[in-house]
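Trainee: Mind walking me through this one? I'd like to start with the backbone oddities and then zoom out.

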Amino acid sequence: MATPWITNVRNTKTLTVYNGVGGGHWANIFGIALSEFNTFAKPVGIKAVKTGDEDAANIVMRLGDGVVKYEYDKTKYERNFSGTALHGLTRALSRDGVIEKAFIFLPARPQVTVFDNKGNAHDVMASQGVMKVIAVHELIHASCLDEMSDHGGDGIFYYPMAYNQMGKVYVPEINKNQTPLPPIRPDSSITGKMAALW
Ligand SMILES: [Zn+2]
């Protein structure tokens with residue numbers, strides 16, 4: 001079930017996000033993902049902004065590969081997480097029915113399968129476009145739609161996406177919009193659900 005943020009965050013209509021992704025594959029994606037999220041979330045009336053203060057940040061974004069660890073209010077947590085998937089992991093920590101802090105883990109080395117001209121399969125790093133889709137998807141989770149059951153029926157908030165061999169992902173379900181992402185298209189069914197929680 002979706003969960004609203006704590007009132008003092010909701011009042012600001014702003015989510016502060018700490019950039020813990022470091023300097024590797026994901027280095028460029030952080031700023032692009034916030035900007036894309038803000039465009040997507042415009043109908044909700046909220047925005048995500050970068051902060052350098054990890055403790056005070058509403059959302060902490062990091063990479064994960066294997067076991068991921070996070071800590072909030074003296075409690076330590078641990079989860080298994082694949083560093084090669086095309087999906088991140090978001091844990092929204094809530095108390096009294098409202099989110100107080102969220103952690104996003106992005107797959108440290110997201111892999112896609114490509115085929116050479118002899119038809120042999122190889123696993124290679126996903127494109128920056130795919131990484132952008134993964135990061136925006138997780139920001140939507142952290143913004144309030146924090147459960148698997150909150151996923152949308154199509155587009156950016158569908159799960160799980162498939163790789164299309166052109167550096168993009170798409171919704172594999174039949175009879176769905178097969179248009180590749182990115183670009184990240186508007187989705188009023190998702191922003192409508194978000195707006196109800198803000
Ligand atoms: Zn998801």
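Mentor: Sure, and keep in mind that the model is predicted. Let's begin with Asp-73, which sits in the loop between strand E4 (66-72) and strand E5 (75-81).

Trainee: What is the phi of Asp-73, and is the residue buried or exposed?

Mentor: Asp-73 isn't a glycine, yet its phi is positive, at about 50 degrees. For burial, count neighbours: 12 or fewer other C-beta atoms within 10 Å makes a residue exposed. Asp-73 has 8, so the label is exposed.

Trainee: And Cys-144, with its phi near 155 degrees: buried or exposed?

Mentor: Cys-144 also lies in a loop, the one between helix H3 (128-143) and strand E10 (162-163). The cut-off for burial is 20 or more C-beta neighbours. Cys-144 has 25 inside 10 Å, so the answer is buried.

Trainee: Which peptide bond leading into Pro-182 or Pro-183 is cis?

Mentor: Look in the loop between strand E11 (169-170) and helix H4 (188-197), where Pro-182 lies; Pro-183 is in that loop too. Omega is near -10 degrees from Leu-181 to Pro-182, a cis bond. From Pro-182 to Pro-183 omega is near 5 degrees, and that bond is likewise cis. So the answer takes in Leu-181 to Pro-182 and Pro-182 to Pro-183.

Trainee: Zooming out, what radius of gyration does the chain have?

Mentor: The chain holds 4 helices and 11 strands. For 198 residues, a compact globule would come out near 16 Å. The chain agrees with that, because its own value is 16 Å.

How values were computed. Residues numbered from 1 in each chain as written. Predicted model: local features only at pLDDT ≥ 70, side-chain atom pairs only at ≥ 80, totals over all residues. Helix = DSSP H or I, 4+ residues; strand = E, 2+ residues; numbered from the N terminus. Rg over C-alpha atoms; globule rule 2.2 N^0.38 Å.
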